[in-house]
Amino acid sequence: MSIDSGGSRSSKHERRDAAREKARQLREEQKKKDRRNKLILQGSLIVVVLAIIGAVALVITSTIRPPAPGPHNMLSDGIKIGEGFHAVKTSALQPSAEPVPFPSNQPSSVLDIRIYADYLCPICGNFEEANAEQIKKLVRDGAATVEIHPVAILDRASMGTKYSTRAANSAACVADLSPDNFFDYSALLFKHQPEENTPGLDDDTLIALAKEAGVSKFTDVSSCIRDQTFKNWVAAATARFNNNPFPNVASQPPQHGTPTVFVNGQLYMYTFDQTTGAFDPKEFTAFLAKVLGANFSEEAVPSPSPSPSP
């Protein structure tokens, strides 16, 4: 019996070649699969990285606001209220620009009262309580103007809510959108003044006080208060208050604090009861009389409101 050794060897070679081809195909398929998985992984990582970059950009743009103008009608960093409680209309202070002081009153017999105040400052509240009525009467009758500069130096005393800034911002919102209601709104902030080292009034209460003051554009004022639209302006105005000399005054005060009060450019060196913090309204009346001299009278004849600044 003979053995076909050649056929056997051929079959073995064919099986071996087939096995090698199969192995090669499997390796190629695995390489393709590995490349596909790698591309999918890289694509997924790119999507994740882009999502993270987008989220970071959103946080940055939402928390770091670009410089924006201050409120309208506060070109001097304050708002000036004249006869009938009408505000003197001005443009907004542009970013990095210097405030433009109001010119002296004409006629000169109209008292020019300028007040720098923090709505959380208890001494400011006591000054307001003692002197608000006589200031209101003088302004109503046209015998005086009052220029109010809200500042925020007591944020540290509101348990992290930054009430001084929020209150000053709310006042700026009213000045910007409903300036003729500013006098009443400012008075309400002092009437409902919270104590130091408390959270202060919340935004809903500030908005409710704006409504009580009769503001126009109530919806816009509400959004302005909630969004703290003029927060950056409040910070800048407060820095100017702390660091810059007061414009158009006879002499600078020894230190910057609230309240700081000038009448016709003369500093009011007030005193108050060291126990209760109360002011004597007769003292301020005497100061007004001293500043204006023979022209001063509590029954002053109304004079025209001051002209707006450019």
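Me: What makes the reach of helix H7 (residues 231-243) close to what is expected?

Reply: H7 has 13 residues and reaches 18 Å from its first C-alpha to its last. The expected span is 1.5 Å times one less than the number of residues, and for H7 that is 18 Å, so the two values are close. The model is predicted: local features need pLDDT of at least 70, side-chain atom pairs count only at pLDDT 80 or more, and totals for chains, interfaces and linings use all residues. Residues are numbered from 1 along each chain as its sequence is written, and side-chain values use heavy atoms, without hydrogens and water.

Me: Why is H7 called a helix?

Reply: Helices are DSSP runs of H or I with at least four residues, and strands are runs of E with at least two, numbered from the N terminus. H7 has 13 residues, and the protein chain holds eight helices and five strands.

Me: Which residues of H7 are buried?

Reply: Trp233, Val234, Ala237, Thr238, Arg240 and Phe241 are buried, that is, under 20% relative accessible area (exposed is over 50%, partly exposed in between; 1.4 Å probe, protein chains only).

Me: Why are they said to be on the same side of H7?

Reply: They cover an arc of only 160° around the axis, which puts them on the same side of H7; the arc is that of the directions from the helix axis to the C-beta atoms.

Me: What do the buried residues of H7 pack against?

Reply: They pack against strand E2 (111-117), strand E3 (144-150), H3 and strand E4 (260-263), where contact means heavy atoms within 4.5 Å.
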